[in-house]
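The following exercises concern burial, charge pairing and strand topology. Each task is followed by a solution in steps.

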Amino acid sequence: MKISVCIPVYNFDIRNLVDALRKEIQTHQIEAEIILIDDASDNRFNEIYQEASAYTDQFIFLEKNIGRSKIRNLFLKHAKGEYLLFLDCDAKIDSSDFLENYLKEIEQDRVVEVIYGNFKIDSAYSKTLRNRYSVEREIFSGDRTSDFSVFKTVNFIIKRDAFIKFPFNENLANYGYEDYVFAKKMELNKVRFSGINNPVIHVDDTSNEVFLAKTETAMNSLFQLSQDVENENYIKDIKVLRMARKIKNLGFSKLFILFYEGLVKKIILKNLLSENPNVKYLDVYKLDLLLKKKR
């Protein structure tokens with residue numbers, strides 16, 4: 001078995017994604033399996049998932065939600081492939097040669113251990129804060145890159161042996177930085193990486209309000225990571241953390257928070273919740289959240 005396509009599922013209709021993958025596997029006679037693990041989704045998705053299960057090799061249903069990191073590690077127990085291809089459940093296949101493109105990259109570079117495929121955003125949600133952030137800060141341009149910092153878990157393939165050595169940190173159950181720490185650990189251990197433009201379309205309809213709430217969760221995750229000295233090598237280059245530490249070391253934390261809360265908070269929140277949000281304002285929003293944690 002060459003590839004195990006691994007899709008963690010939570011409260012999303014994955015029928016089109018599974019159908020597109022199955023069609024390519026059958027059309028090109030690709031040696032691959034499709035495995036889904038549902039992280040205790042709502043009952044309203046039962047019928048959808050039962051329908052999708054007919055087109056998968058395995059569809060495992062968990063009784064309790066175990067979180068973003070642990071569920072990805074769980075695929076090692078079920079996958080048979082030499083390579084594990086991870087896709088977010090809210091991804092959409094953009095090319096009929098999607099799997100073939102990964103296989104060609106593997107054939108051309110046998111020593112590569114992790115390949116990141118990049119992503120696009122769904123144009124229907126291009127104006128939201130979440131997707132503006134993706135365009136400005138996450139999606140890389142060009143045909144390929146060797147920069148590990150672009151890595152996201154939305155669409156990547158990893159050699160089984162590498163994943164066994166470097167699994168996700170299961171202490172990171174909530175939203176935020178589990179992909180960054182995962183990638184940084186591999187980078188520091190000189191895992192062979194390649195980024196290619198073999199994107200999926202990320203169908204993320206997260207509202208600005210929900211994304212700000214998720215951002216707060218992410219800052220909580222980052223703060224917790226910063227409390228353990230063993231994580232220092234993985235997180236020390238995160239820009240918002242570096243800035244928060246600099247402000248704190250200079251003794252300006254209280255002054256920054258007073259300035260933010262008293263003068264600019266309403267202006268920034270109004271913009272971030274608007275139809276034309278500015279990603280730079282999100283940087284200030286995140287910095288305030290982290291400084292409050294670090295007091």
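**Exercise 1.** Determine whether Asp109 is buried, partly exposed or exposed in this predicted model, and which side chain it meets in a salt bridge.

*Solution.* Step 1: the relative accessible area of Asp109 is 18%. Buried means under 20%, so Asp109 is buried.
Step 2: the side chain of Asp109 forms a salt bridge with that of Arg192, at 3.3 Å from N to O.
Step 3: Asp109 belongs to the loop between H4 and E6, and Arg192 to the loop between H7 and strand E10 (193-196); the pair therefore ties together parts 83 residues apart in sequence.
Step 4: Arg192, at 41% relative accessibility, counts as partly exposed.

**Exercise 2.** Classify the two partners of the salt bridge between Lys2 and Glu107 by accessibility, and locate them in the chain.

*Solution.* Step 1: the N to O distance between the two side chains is 3.8 Å.
Step 2: Lys2 lies in the segment before strand E1 (3-9) and Glu107 in helix H4 (residues 98-108), so that distant parts of the chain, 105 residues apart, are linked.
Step 3: Lys2 has a relative accessible area of 15% and is buried, whereas Glu107, at 44%, is partly exposed.

**Exercise 3.** Arg130 and Glu138 meet in a salt bridge. Are these residues buried or exposed?

*Solution.* Step 1: the N to O distance is 3.3 Å.
Step 2: relative accessibility is 9% for Arg130 and 10% for Glu138; hence Arg130 counts as buried, and so does Glu138.
Step 3: as a further case, salt bridges with shared partners join Lys2, Glu82, Glu107 and Arg110 into one network.

**Exercise 4.** Identify the side chain of opposite charge nearest to Glu33 and decide whether a salt bridge results.

*Solution.* Step 1: Glu33 is located in strand E2 and is buried.
Step 2: the nearest side chain of opposite charge is that of Lys80, 5.0 Å away. A salt bridge requires a distance within 4 Å, so Glu33 has none.
Step 3: the backbone nitrogen of Lys80, however, lies 2.7 Å from a polar atom of the Glu33 side chain.

**Exercise 5.** Describe how strand E2 is joined to strand E3, and give the handedness of the crossover.

*Solution.* Step 1: strands E2 (residues 32-38) and E3 (residues 58-61) run parallel and are joined by four bridges.
Step 2: Ile35 has Gln58 in E3 as its bridge partner.
Step 3: from E2 the chain passes through helix H2 (residues 46-53) to E3, a right-handed β-α-β crossover.

Key: Residues are numbered from 1 along each chain as its sequence is written. This is a predicted model: local features need pLDDT of at least 70, side-chain atom pairs count only at pLDDT 80 or more; totals for chains, interfaces and linings use all residues. Side-chain values use heavy atoms; hydrogens and water are left out. Two strands pair if DSSP finds at least two bridges between them. Helices (H or I, at least four residues) and strands (E, at least two) are DSSP runs, numbered from the N terminus. A crossover is right-handed if, with the strands pointing away from the viewer, the path from the first strand over the helix to the second runs clockwise. Buried means under 20% relative accessible area, exposed over 50%, partly exposed in between (1.4 Å probe, protein chains only). Lys and Arg count as positive and Asp and Glu as negative; His and the chain ends are not counted. A polar contact is a pair of N or O atoms within 3.5 Å; within protein, one must be able to donate a hydrogen and the other to accept it, and residues adjacent in sequence count only if both atoms are side-chain atoms.
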